[in-house]
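Q: Please take a close look at one part of the structure shown here. I would like a connected account that starts from a single residue and works outward.

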Amino acid sequence: MAASAGPEIERLISLLAKLPGLGPRSARRAALALLKRRDQLLAPLSEALADAAARVKTCSVCGSLDTRDPCAICADPGRDGSLICVVEEVGALWAMERAGAFRGRYHVLGGLLSALDGVGPDALRIGRLVGRVANEGVREVILALPATVDGQTTAHYLAERLAGTGVSVTMLARGVPVGGELDWLDDGTIVQALRARRPA
């Protein structure tokens with residue numbers, strides 16, 4: 001950091017650098033942009049951050065973030081309560097909602113099982129999911145977890161935990177993305193697409 005920057009600016013850069021996708025250089029550029037445009041950016045951002053810190057809470061039902069509890073999705077009577085889509089984090093829930101194709105409810109695990117990182121079942125909202133399946137008339141649980149080793153380990157564990165409940169456990173299809181070209185895809189995606197093929 002330049003010697004001319006005060007401790008307030010250094011703290012701002014340090015905090016910005018902790019955000020996903022921002023390293024030290026990007027954080028410096030972001031801090032400079034905020035400071036140059038205090039009235040248009042810095043003041044409104046500061047107000048929005050304070051408001052979010054004071055009002056946003058975790059939904060006691062699904063684990064999403066909202067200003068009310070239960071969240072808007074859990075409280076929506078138009079949602080199909082017999083379908084639960086399990087996601088790793090709130091960002092995945094937002095992605096599903098952006099697509100607009102799912103009208104059921106969600107369950108945010110809060111992470112994935114990972115032996116390397118010491119994340120076991122008790123660290124996630126798995127027990128709460130099993131309780132919802134047992135008490136809310138759920139007929140299908142859709143596992144919308146990443147196609148990573150930890151994601152697949154978590155999916156397998158959840159399928160085993162829910163095996164005796166009588167609920168149908170499904171996973172999102174994997175394979176060729178919309179607009180994707182085969183010569184740009186990795187081998188694993190092509191193999192998965194072949195295994196998940198369906199009638200034309």
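Which residue in S6 does Val141 stand opposite?

A: Val141 stands opposite Val169 in S6. The model is a predicted one, in which local features need pLDDT of at least 70 and side-chain atom pairs count only at pLDDT 80 or more, while totals for chains, interfaces and linings use all residues. Residues are numbered from 1 along each chain as its sequence is written, and side-chain values use heavy atoms, with hydrogens and water left out.

Val141 belongs to strand S5, residues 140-143. Strands here are DSSP runs of E with at least two residues, helices are runs of H or I with at least four, and both are numbered from the N terminus. From S5, Val141 and Leu143 point one way, whereas Glu140 and Ile142 point the other way. All of these residues are buried, a term that means under 20% relative accessible area, with over 50% called exposed and the range in between partly exposed (1.4 Å probe, protein chains only).

S5 has a partner on S3 as well as on S6. Two strands are said to pair if DSSP finds at least two bridges between them. Strand S3, residues 80-87, pairs with S5 in the parallel sense over four bridges. Val141 is the bridge partner of Ile84, and Ile142 is that of Cys85. S5 and strand S6, residues 168-171, also run parallel and are joined by four bridges.

The connection from S5 to S6 involves a helix. Together with helix H7 (residues 149-162), these two strands make a right-handed β-α-β unit. Right-handed means that, with the strands pointing away from the viewer, the path from the first strand over the helix to the second runs clockwise.

Now the sheet as a whole. It is an open sheet of four strands in the order S4-S3-S5-S6, with parallel pairing. S6 and strand S4 (104-108) are the edge strands, each pairing on one side only. From one strand to the next, the twist averages 25°. Helix H5, residues 90-99, packs on the sheet and touches S3 and S4, and its direction makes about 160° with that of S4. Helix H6, residues 126-135, also packs on the sheet, touching S3, S4 and S5, and its direction makes about 155° with that of S4. For these angles, axes are lines fitted to C-alpha atoms, for helices over the stretch in contact, and values run from 0 to 180 degrees between N-to-C directions. Contact means heavy atoms within 4.5 Å.

Beyond the sheet strands, Ser64 lies in the loop between strand S1 (57-58) and strand S2 (65-66). Ser64 counts as buried because its relative accessibility is 4%. Apart from neighbours within four places in sequence, Ser64 contacts Lys57, Thr58, Cys59, Cys71, Val90, Leu93 and Val108.

One of those contacts, Cys59, raises the matter of disulfides. The whole structure has zero disulfides, a disulfide being a pair of cysteine sulfur atoms within 2.5 Å. For Cys59, the nearest cysteine sulfur is that of Cys71, 3.8 Å away. Cys59 has a relative accessible area of 1%, so it is buried. Cys74 is likewise in no disulfide, and its nearest cysteine sulfur, that of Cys62, is 3.7 Å away. Cys74 counts as buried too, at 12% relative accessibility.
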